[in-house]
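Please write a short report on this protein model. Cover its pocket, two of its sheets and one loop residue.

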Amino acid sequence: MGVIIVSAAFSGCAPSNEEGDFSGAASKVYVAPGKYDEFYAFMSGGFNGQLTVYGLPSGRLFKIISVFSQNPETGYGYSEETKPMLMTSYGFVPWDDAHHPELSQTDGVPDGRWIFINANNTTRVARIDLSTFETAEIIEIPNSAGNHGSPFVTENTEYVIASTRFSVPVPNRDVPIDSYKENFKGTLSFIKVDPEKGNMEIAFQILVPGFDYDLAHAGKGPSHGWAFFTSYNSEQANTLLEINASQNDKDFIAAVNWKLAEKYLAEGKAKKINTEYYRNYFDEDKQKAFSEKRSSVYVLNPKDCPGMIYYLPTPKSPHGVDVDPTGEYIVAGGKLATVIPVHSFSKMLKAIENKEFDGEIDGIPILKYDAVIAGEVENPGLGPLHTEFDGKGYAYTSAFISSEIVKWKLGTWEVVDRIPTYYSIGHLMIPGGDSKKPWGKYVVALNKITKDRYLPTGPELCQSAQLIDISGDKMQLLLDFPTIGEPHYAQGIPAEILMKRNKKFYELEKNSHPDKTASEKETRVERKGNEIHVYMTATRTHFKPDNIEGVKVGDRVYFHITNLEQDWDIPHGFAVKGLNNSELLIMPGQTKTIEWVPQKEGIYPFYCTDFCSALHQEMQGYVRVSSKNSNVELSFN
């Protein structure tokens with residue numbers, strides 16, 4: 001309680017430009033000892049490549065889920081079991097830039113089965129299993145560069161949709177960059193999701209003109225079967241985009257009829273393009289990851305597929321595109337626009353039927369702006385980017401330049417409230433706020449700049465999120481809390497949905513890892529040429545074996561360690577002196593492997609790195625390493 005009070009007091013002393021009454025804020029975010037938060041919040045780690053888990057309203061950090069970056073805390077990407085998760089057509093890529101988490105949905109409502117997140121740099125999409133909070137699968141997206149408009153799900157998670165930010169030659173090849181308009185293309189990707197297991201496969205891609213495709217959202221309700229993608233740089237400039245990609249008053253939202261695309265795919269309209277990409281998955285029974293290489297992808301060309309895609313003119317350099325809970329309104333965030341344009345899905349269908357076109361680009365009809373627009377929100381703040389909904393008829397839009405959240409009413413388009421954020425808000429998140437049934441109690445502001453908000457930590461300052469109460473007519477700032485990496489986007493879901501699915505330990509009898517050690521009686525050490533395989537168990541409070549001799553300099557030593565515990569919250573760690581990759585963190589019932597190549601003769605201690613009991617310090621052992629030509633026999637106990 002004292003920490004909360006102190007925190008609230010500091011908030012009260014924060015910059016003089018902050019306004020509002022914080023007298024009741026502390027009680028609204030305080031979660032008493034032994035009590036749970038009401039919501040899970042999943043925030044992207046941005047440039048740290050991971051996904052972070054927070055509680056709301058407390059803002060407490062619970063976990064960093066390893067996704068696209070190696071993590072020495074768990075051994076992810078270092079252990080032999082998890083290295084395949086980071087394989088790509090460019091080889092082993094141990095880092096990425098993660099931006100947009102997206103919960104799986106059933107009938108347009110987050111269901112708590114999985115959460116997806118994109119990798120911008122080496123284009124990938126990951127699926128995290130929310131029973132274990134671990135990454136279960138990563139698929140690479142070919143013919144794409146800058147996987148920014150991703151991964152947004154359709155109403156029943158039939159597809160994860162994704163778009164390329166950077167257009168590139170398709171297939172990629174060596175061409176002059178100034179041949180951009182001639183050779184560069186964009187792609188919109190539809191990743192099919194197995195409804196039972198969640199396994200992902202790229203079903204098809206759509207080839208589109210060489211714009212920059214920025215963000216996306218799927219339709220819902222009446223617009224189910226459609227997906228919407230923003231684009232900018234309709235000028236198709238390839239240099240000084242800050243100037244040259246801002247010339248046109250309107251760019252586009254691409255509206256894709258994906259059910260019609262499925263029909264064209266079934267009719268054989270797609271061309272198979274040779275390419276190379278990887279699908280990596282983690283087999284929970286075998287406790288190992290596997291990589292599968294793919295060699296082709298189906299690509300649909302709008303010129304061959306009439307009615308599959310249309311462009312909605314949208315001012316100006318649109319960034320976000322969001323669909324309201326009814327599925328009727330498609331809201332754009334024209335970051336250089338003076339209004340928020342809101343398109344009408346029903347008017348769009350009517351305009352298509354009446355062929356109210358204003359030209360076409362590469363076989364894609366451009367619909368007339370006045371024929372599809374439902375309304376424009378005036379005075380929306382400077383730099384409107386993203387919009388979420390509270391399910392009560394109101395929308396909330398982030399304004400990056402004026403650093404505020406603007407609340408406006410659907411249908412009348414009138415601004416009814418606004419609140420400053422600190423500072424430079426990007427995305428914002430309402431739990432379920434991009435679904436058919438938002439839990440509209442809070443909005444979280446995800447900010448880019450935090451100067452003056454926290455104790456300084458050198459030139460590098462922490463990133464920031466802010467929790468705002470939206471349960472009343474007026475928005476109320478409740479809490480600032482620092483985040484890990486850039487909290488680019490987030491998703492929220494009631495805790496009760498996930499808690500009942502949470503796995504507590506891995507059942508030993510289901511562990512089919514080929515290097516599993518099922519009991520201490522099976523522990524052993526084996527030499528295979530210059531490889532040493534140590535089949536080790538870990539329990540409170542010892543490893544077995546705990547003394548190993550006969551290892552030689554230059555041997556490749558593999559520690560296969562099985563945690564025999566069958567109790568919640570009893571992991572064991574493992575590290576040996578001189579190990580130059582990572583420790584291991586092994587959950588109850590798991591088997592993990594780490595490779596170690598000793599370079600010098602000597603005695604090498606190993607120990608448990610995760611405090612597991614009163615005798616944790618005694619959980620240790622030794623490896624004796626002898627010279628390459630030593631005749632010390634292999635032995636252990």
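The largest pocket has a volume of about 1,700 Å³. The model is a predicted one.

**The pocket**

The lining of the largest pocket is made of 49 residues. Nearest the pocket's centre lie Lys63, Thr132, Phe133, Glu134 and Lys503. What is the chemical make-up of the lining, counted as nonpolar, polar and charged residues? The lining has 21 nonpolar residues, eleven polar ones and 17 charged ones. Several elements supply at least two lining residues each. Among them are strands E1 (39-44), E3 (61-65) and E8 (124-129). Strands E9 (134-140) and E18 (271-283) also do so, as does helix H8 (495-499).

**Two open sheets**

Strands of a sheet pair through backbone hydrogen bonds, and the pairing can be parallel or antiparallel. The table sets out two sheets of this model.

| Strand order | Form | Pairing | Edge strands | Average twist, strand to next |
|---|---|---|---|---|
| E3-E2-E1-E35 | open, four strands | antiparallel | E3 and E35 (490-494) | 20° |
| E31-E32-E33-E34 | open, four strands | antiparallel | E31 (425-429) and E34 (476-483) | 25° |

Take the sheet in the order E3-E2-E1-E35. E3 and E35 are its edge strands, and each pairs on one side only. Further in, E1 runs antiparallel to E2 (residues 51-56). How many bridges join E1 to E2? Six bridges do. Phe39 has Leu56 in E2 as its bridge partner. E1 and E3 appear in the pocket story too: each supplies at least two residues of the lining.

Now take the sheet in the order E31-E32-E33-E34. Here E31 and E34 are the edge strands, each pairing on one side only. E31 pairs with E32 (residues 442-447) in the antiparallel sense, over three bridges. Which residue in E32 stands opposite Leu428? That residue is Ala445.

**A loop residue**

Thr74 sits in the loop between E3 and strand E4 (87-88). What does Thr74 touch, leaving aside its neighbours within four places in sequence? Its contacts are then Ser66, Glu583, Leu584, Leu585 and Lys592. Thr74 can also be placed against Ala126. The two are 52 residues apart in sequence. In space, their C-alpha atoms are 18 Å apart.

Notes
Residues numbered from 1 in each chain as written. Predicted model: local features only at pLDDT ≥ 70, side-chain atom pairs only at ≥ 80, totals over all residues. Heavy atoms only, no water. Pairing = 2+ DSSP bridges. Axes fitted to C-alpha atoms, helices over the stretch in contact; angles between N-to-C directions. 1 Å grid on protein atoms, 1.4 Å probe; cavity = no way out; pocket = protein on both sides within 12 Å on 5 of 7 lines; lining within 4 Å. Points joined across faces, edges and corners; volume = space filled by probe spheres on them. Nonpolar A, V, L, I, M, F, W, Y, C, P; charged D, E, K, R; others polar. Contact = heavy atoms within 4.5 Å.
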